[in-house]
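Notebook open, cysteines on the list for today. I want to know who is bonded to whom, and how each one sits.

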Amino acid sequence: MSEIIFTEGNFEAEALKGDMPVLVDFYADWCGPCKMQGPIIEELAKDMAGKSKVGKLNIDQNSAIAEKFGVMSIPTIILFKNGEVKKTFVGLQGKDGLKAELEKLM
Amino acid sequence: MKYDVIIIGGGPAGLTTAIYCLRRELKVLMIAKALGGQAVIAHEIQNWPGIETIGGFELMQHFEQHAKSWGLEIKSSEAIAVEKSETGLTVRTNSDSYETESIILSFGLTPRDLGVPGEKEFIGRGVSYCATCDGPLFKDKTVAVIGGGNSALEAAEYLSRLAKKVYLVSNSCKSDADEATVKEVAKMKEVEALCGYLTTEIAGDNKVTGIKLKDADTAEVKELAIDGVFIEIGFMPKSGWLKGAVDMTDRGEIKTDRLCQTSAPGIFAAGDCTDLGYKQVVIAAGEGAKAALSAYKFIAAKRGLAYRPDYGEKIK
């Protein structure tokens, strides 16, 4: 399974429903570190296929969701489970650390 | 399984070192959270020889593709310790450990912390170290930029186009920035410069609401109501984890000689994390090449092989 593109339209269904852990990378096209984070998230999505949902959300196009979760720095990565925020990372993250945290939620 | 070289960090120095090591057919692992380094943030790079102007991100993509074309193995992680092992060296991350003959440190620089109460708590909640990343999230808000150098002034200039009001707070009234930038920022009506003030605290509830400043002369304290604070007081190597493993300057820069050797046999360093006085992409790349050749020479000597340099004569 490749990464999910989260939007205001699918966020409720894709990120907040279901019992798999979910990882959302809040990013924007203007942000350099976000561009470095992007390929890491794509790889992680492949590694975690079938075990958790991994994807990204463009905060420029989906500002209401970014605002709802208080995103004031990007990249911000939020892990959800059963519709609840479980962990928030601010700034560039390695794949290993994210994977370990997702595994803790399984 | 044992590597010949483990490269820690994936910016210009690390990726160049990787290309050189792989072309020497060494077994290489790169440990880096992500690739590209600080150069990615540079809007335009106009001093990379051979290309008049290129975006920082684009240039680093070329570096990355070049290293990957030689089969670079990358671990997206963070090194937390380097130790001597029975036959060589060990690099640890939070989840794994790797054996290697040699190590090349090329992890660059990280934004410097202010080190005041509230800073850590509010990272991502109004405290930012990257104006170009987070500036657009403070549209029509009131922000402060802390710092007096070029990066602080450039941040203030950039933020003035987005925010309602920008306070530029610096310890000293003598700016280290370029005169042209100082003059330009002085003209901007959205920017209010407050020089001679120490930032003593970042205050907030669930996000930043203000900063406390102390007048450097009179010790008088005042508070500014702001929505965000951008800390632009320079960069430093995140090298605390290497304490005891290699010698460093008091600023945490790794001491190297002209051949990129550190104080520890088998450990080399290149680029912005070293004590070399210049921080440039072209210099980091050149240093990366040197570190790779030094590591190669070290491994050849350990294996009793003759080291054959590119320029002719054999060195024993």
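**Cysteine notes**

I began with a pair that stays apart: the sulfur of Cys273(B) has its closest cysteine sulfur in Cys260(B), 9.8 Å off, which is too far for a bond. The cut-off I work with is 2.5 Å between the two sulfur atoms. Note to self: this is a predicted model.

Are these two buried or exposed? Cys260(B) comes out buried, at 0% relative accessible area. Cys273(B) also counts as buried, with 0% relative accessibility.

**Tally**

How many disulfides are there over all chains? I get three with this rule. I went through them one by one.

**Chain A**

I looked up Cys31(A) and Cys34(A) and found them joined in a disulfide, with 2.2 Å between the sulfur atoms. I then checked the torsion about their S-S bond; it is about 85°, so I noted this disulfide as right-handed. Both Cys31(A) and Cys34(A) are buried.

**Chain B, Cys130 and Cys133**

Next I pulled up Cys130(B) and Cys133(B), which form a disulfide with their sulfur atoms 2.2 Å apart. The link is right-handed, with 65° about the S-S bond. For burial I wrote down each partner separately. Cys130(B) has a relative accessible area of 15%, and I count it as buried because the limit is under 20%. Cys133(B) is buried at 1%.

**Chain B, Cys173 and Cys195**

The last bond I checked runs from Cys173(B) to Cys195(B), S to S 2.0 Å. I read 90° about the S-S bond here, and the link is right-handed. Where do the two ends sit? Cys173(B) is in the loop between strand E10 (165–170) and helix H5 (179–186) of chain B, while Cys195(B) belongs to strand E11 (residues 191–195) of chain B. The pair therefore ties together parts that are 22 residues apart in sequence.

I looked at accessibility for this pair too. Cys173(B) is exposed, with a relative accessible area of 53%. Cys195(B) is partly exposed, and I have 35% written next to it.

**Pattern**

Which pattern do the disulfides of chain B follow? Counting bonded cysteines along the chain, I get 1-2, 3-4. Cys260(B) is in no disulfide, the nearest cysteine sulfur being that of Cys273(B).

Definitions and conventions
Residues are numbered from 1 along each chain as its sequence is written. Chains are lettered from A and ligands numbered from 1 in the order in which they are written. This is a predicted model: local features need pLDDT of at least 70, side-chain atom pairs count only at pLDDT 80 or more; totals for chains, interfaces and linings use all residues. Side-chain values use heavy atoms; hydrogens and water are left out. Buried means under 20% relative accessible area, exposed over 50%, partly exposed in between (1.4 Å probe, protein chains only). Helices (H or I, at least four residues) and strands (E, at least two) are DSSP runs, numbered from the N terminus.
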